[in-house]
Amino acid sequence: AIVYVRRAQPAAVAPGPVTNFVATPGNGQNVLTWTNPGGPQTGTLIRFKTTGFPTGPTDGTQVYDSSGTSTVHGSLTNGVTYYYKAFAHDEVPNYASGAQASAVPADVTPPSDVTSFAATSGDMQNSLSWTNPGDADFAGVKILRKTGSYPTSHTDGTVVYNGMGTSA
């Protein structure tokens, strides 16, 4: 007897694209989120480049390939633009057109406050002293004065000191 085995034909149609693809920057990382399409999709492949958006599912460096809806791309250089493309795919794999997003990771956490801030009044002047924080990204101290109330922001008042020192 002759037995015929029929192979299933691979799907010829790619799944729909991911939607709501967003890259949210953080300190040394970008958080990527998206919505997967319905249908025959089995995963989402995300690739990135720093010179422009990847042109297809083999261009750039792979960040992610699974069925979830978010990932963190870490160990990045702050200030560099990262360009991402997300491709929904099925098991063949047939790839959907890619959704694009980009982000520039940045340090958004301010250094710690100065400590031991003191103002000593004198003849027509005040002497100010403080201890600077030890944070690696500390870049200086800006002191403002205002008559009638404390300054409410870094632009509310008159600058009396702006530098790296510990007294004025």
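This report is a short walk through a predicted model, taking in its sheet, its aromatic rings, one histidine and a few backbone details.

## The four-stranded sheet

A good place to begin is the open sheet of four strands, whose order is β4-β3-β6-β7 with antiparallel pairing. At the edges stand β4 and β7 (99-103), each with a single partner strand, so one side of each has no neighbour in the sheet. On average, neighbouring strands here are turned by 20 degrees against each other, direction ignored.

Let us look inside this sheet at β3 and β6. These two strands run antiparallel and are joined by seven bridges. If you would like a landmark, find F48, which stands opposite Y84 in β6.

## Aromatic pairs

Next come the rings. The model has eight aromatic pairs. In one of them, F21 and W34, the ring centres are 6.3 Å apart and the planes meet at 70 degrees; the pair is edge-to-face because an angle over 60 degrees counts as such. F21 belongs to strand β1 (residues 19-26) and W34 to strand β2 (residues 29-35), so this pair links distant parts of the chain, with the two positions 13 residues apart in numbering. F21 has 10% relative accessibility and therefore counts as buried, and W34, at 4%, counts as buried too.

Another edge-to-face pair is made by F53 and Y83, with 5.1 Å from centre to centre and 75 degrees between the planes. This pair also links distant parts of the chain: F53 lies in the loop between β3 (43-49) and β4 (61-66), while Y83 is in strand β6, 30 residues apart. F53 is partly exposed at 29% relative accessibility, and Y83 is partly exposed at 23%.

Ring pairs also build a cluster, which is made up of F21, W34 and Y64.

## A closer look at H89

Now turn to H89, which is found in strand β6 (residues 82-89). Is this residue buried or exposed? H89 is buried, because its relative accessible area of 9% falls under the 20% cut-off.

The side chain of H89 has a polar contact of 2.7 Å with the side chain of D65. Setting aside neighbours within four places in sequence, H89 is in contact with several residues, including P15, P40 and Q41, then T42, G43, T44 and L45. D65 appears among these contacts as well, along with N94 and Y95.

## Backbone details

Some points of interest lie in the backbone itself. Which residues does a cis peptide bond join? The bond lies between V92 and P93, with omega at about 5 degrees. P93 sits in the loop between β6 and β7.

Two residues are worth a look for their phi angles. N20, found in strand β1, has a positive phi near 55 degrees even though N20 is a residue other than glycine. N20 is exposed because its relative accessible area, 55%, is over the 50% cut-off.

S75 is not a glycine either, and its phi is positive at about 55 degrees. You will find S75 in the loop between β5 (70-73) and β6. With 79% relative accessibility, S75 counts as exposed.

Note on methods: Residues numbered from 1 in each chain as written. Predicted model: local features only at pLDDT ≥ 70, side-chain atom pairs only at ≥ 80, totals over all residues. Heavy atoms only, no water. Buried < 20%, exposed > 50% of the residue type's maximum accessible area, 1.4 Å probe, protein only. Polar contact = N/O pair within 3.5 Å; in protein donor to acceptor, adjacent residues only side chain to side chain. Contact = heavy atoms within 4.5 Å. Phe/Tyr/Trp six-rings, centres within 6.5 Å; stacked < 30°, edge-to-face > 60°. Pairing = 2+ DSSP bridges. Axes fitted to C-alpha atoms, helices over the stretch in contact; angles between N-to-C directions.
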